[in-house]
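Me: I've got a protein model open and I'm new to this. Can we go through it together?

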Amino acid sequence: LQATVKTKIALFRAGGREAEIEEVFRRILISGASLDQVEIACASDAHIALIWEKALRHNWPVTVESGIPAAFTHPGRALVGLCDWIETDFSAGHFRRLLQSGDLRVAEDEGFTAGQASRLLARAEAGWGRATYSLALGRLHKIYESHAADDNASDDDRAEAQTKVELTGRIRTWITGLVA
């Protein structure tokens with residue numbers, strides 16, 4: 001049994017590694033070949049890292065023969081970021097950056113996004129230490145509760161404050177559970 005594969009090699013120039021990889025990706029798309037029929041041979045590890053990053057941006061599934069360092073993956077960066085967060089005595093600024101990076105994600109069933117959690121932490125003025133999150137978010141929760149109960153406020157303002165009360169409660173529960 002013998003299979004014949006028609007192989008075509010084409011050479012081109014590009015203005016740098018990134019431009020070269022973009023052109024390779026363009027040529028793959030234009031060819032119409034499925035990704036499991038494509039192999040990209042790289043001259044250096046620097047190319048492999050760029051191909052991995054580009055594939056992630058384009059949502060292309062790729063396999064790398066030598067593997068990918070954990071620090072290149074979302075879970076790996078999240079793990080390193082959480083370890084750094086602990087080492088910084090649970091610095092809220094560090095945690096906000098971890099949430100903003102997209103490496104630490106919030107499950108959809110939590111009822112809020114990582115961006116909302118980050119913004120709320122900034123608003124709560126959390127500092128560092130395990131207790132800061134519960135204290136700062138608890139204080140902000142009480143402020144929103146008082147706004148929601150203010151008879152002098154408009155119905156819209158009270159409704160908005162009540163939404164913030166609920167959001168703050170969910171985020172506080174999630175973060176204190178994470179810290180614990």
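Here are some questions and replies about this predicted model.

Me: How many helices and how many strands does the chain have?

Reply: Reading along the sequence, you meet the pattern α-α-α-α-α-α-α. No strand turns up in the chain, and the count is 7 helices and 0 strands.

Me: Is the chain compact or spread out, going by its radius of gyration?
Reply: For 180 residues, the globule rule gives 16 Å. The C-alpha trace spans about 80 × 40 × 40 Å along its principal axes. The radius of gyration is 24 Å, well over the rule's value, so compared with a compact globule the chain is more spread out.

Me: What share of the residues is buried?
Reply: To count as buried, a residue needs under 20% relative accessible area. Of the 180 residues in the chain, the buried ones make up 30%.

Me: How much area does the chain expose?
Reply: Carbon and sulfur atoms supply 52% of the exposed area. The total for the chain is about 12300 Å².

Me: How far apart are the centres of the positive and negative side chains?
Reply: The chain has 21 positive side chains and 25 negative ones. Take the centre of each set, and the gap between the two centres is 5 Å.

Me: Is Cys-83 buried, exposed or partly exposed?
Reply: The cut-offs are under 20% for buried and over 50% for exposed. Cys-83 has a relative accessible area of 37%, which falls between them, so Cys-83 is partly exposed.

Me: How many disulfides does the structure hold?
Reply: A disulfide needs a pair of cysteine sulfur atoms within 2.5 Å. For this structure, the number of disulfides is 0.

Terms used
Residues are numbered from 1 along each chain as its sequence is written. This is a predicted model: local features need pLDDT of at least 70, side-chain atom pairs count only at pLDDT 80 or more; totals for chains, interfaces and linings use all residues. Side-chain values use heavy atoms; hydrogens and water are left out. Helices (H or I, at least four residues) and strands (E, at least two) are DSSP runs, numbered from the N terminus. The radius of gyration is taken over C-alpha atoms; the globule rule is 2.2 Å times the number of residues to the power 0.38. Buried means under 20% relative accessible area, exposed over 50%, partly exposed in between (1.4 Å probe, protein chains only). Accessible areas come from the Shrake-Rupley method with a 1.4 Å probe; for residues, only the protein chains shown count as cover. Lys and Arg count as positive and Asp and Glu as negative; His and the chain ends are not counted. The place of a charge is taken as NZ of Lys, CZ of Arg, CG of Asp or CD of Glu.
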